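Biologist: I have not worked with this structure before. Could you show it to me, please?

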Amino acid sequence: DQGRYVVTAREAEAASILDEAERAGVPAARIGAVGGAAILLGEARPLPLDELREAHEGWFQCFMGEV
């Protein structure tokens, strides 16, 4: 069961997505912005998308001892 999701949307659509989530009783918050090759999360350092991709796609091979 997944308890949390990250959703990306165009800037112009963000407010309506948050409004719809509130009407549905789903907790939602804007946590950052995506642009170029990184995700910007508040005051934290930009998180490069290639690092996220590696973490997402590479964990299973490490878990199985294939790397």
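Biologist: What share of the contacts with a separation of 6 or more comes from residues 24 or more positions apart?
Modeller: This is a predicted model. In the protein, 3% of the contacts with a separation of 6 or more are between residues 24 or more positions apart.

Biologist: And how many of the 67 residues, as a percentage, are buried?
Modeller: Buried residues are 4% of the 67 residues.

Biologist: What about the radius of gyration?
Modeller: The protein has a radius of gyration of 15 Å, whereas a compact globule of 67 residues would have one near 11 Å. Along the principal axes, the C-alpha atoms fill a box of roughly 45 × 30 × 20 Å.

Biologist: Which pattern do the helices and strands follow along the sequence?
Modeller: The pattern is α-β-β-β-α, made up of 2 helices and 3 strands.

Biologist: In what order do the strands lie in the sheet?
Modeller: The order is β1-β2-β3, in an open sheet with antiparallel pairing. Both β1 and β3 (47-48) are edge strands with a single partner each, so one side of each has no neighbour in the sheet.

Biologist: How many bridges join β2 to β3?
Modeller: Strand β2, residues 38-40, is joined to β3 by 2 bridges. I39 has L47 in β3 as its bridge partner.

Biologist: Changing topic, where is G32?
Modeller: G32 lies in the loop between α1 and β1.

Biologist: Is G32 buried, partly exposed or exposed?
Modeller: G32 is partly exposed, because its relative accessible area is 34%, which falls between the 20% limit for buried and the 50% limit for exposed.

Biologist: Which residues is G32 in contact with, leaving aside neighbours within four places in sequence?
Modeller: Those residues are L40 and L41. As for G3, which is 29 residues from G32 along the chain, the two C-alpha atoms are separated by 19 Å.

Biologist: Now the pockets. What volume does the largest pocket have?
Modeller: Its volume is about 960 Å³. The lining has 27 residues, of which V6, V7, T8, A29 and I31 are the closest to the centre of the pocket.

Biologist: Which element gives the most to that lining?
Modeller: Helix α1 gives the most to the lining of the largest pocket, with 5 residues. At least two residues each come from α1 (11-23), β1 (33-35) and α2 (49-63).

Biologist: And what classes of residue make up the lining?
Modeller: The lining of the largest pocket consists of 19 nonpolar, 4 polar and 4 charged residues.

How values were computed
Residues are numbered from 1 along each chain as its sequence is written. This is a predicted model: local features need pLDDT of at least 70, side-chain atom pairs count only at pLDDT 80 or more; totals for chains, interfaces and linings use all residues. Side-chain values use heavy atoms; hydrogens and water are left out. On a 1 Å grid over the protein atoms alone, a cavity is a set of points where a 1.4 Å probe fits but cannot get out, and a pocket is an open set with protein on both sides within 12 Å along at least five of seven lines; lining residues have an atom within 4 Å of a point. Grid points are joined across faces, edges and corners, and a volume is the space filled by probe spheres set on the points. Helices (H or I, at least four residues) and strands (E, at least two) are DSSP runs, numbered from the N terminus. Ala, Val, Leu, Ile, Met, Phe, Trp, Tyr, Cys and Pro count as nonpolar, Asp, Glu, Lys and Arg as charged, and the others, Gly among them, as polar. Two strands pair if DSSP finds at least two bridges between them. Buried means under 20% relative accessible area, exposed over 50%, partly exposed in between (1.4 Å probe, protein chains only). Contact means heavy atoms within 4.5 Å. The radius of gyration is taken over C-alpha atoms; the globule rule is 2.2 Å times the number of residues to the power 0.38.
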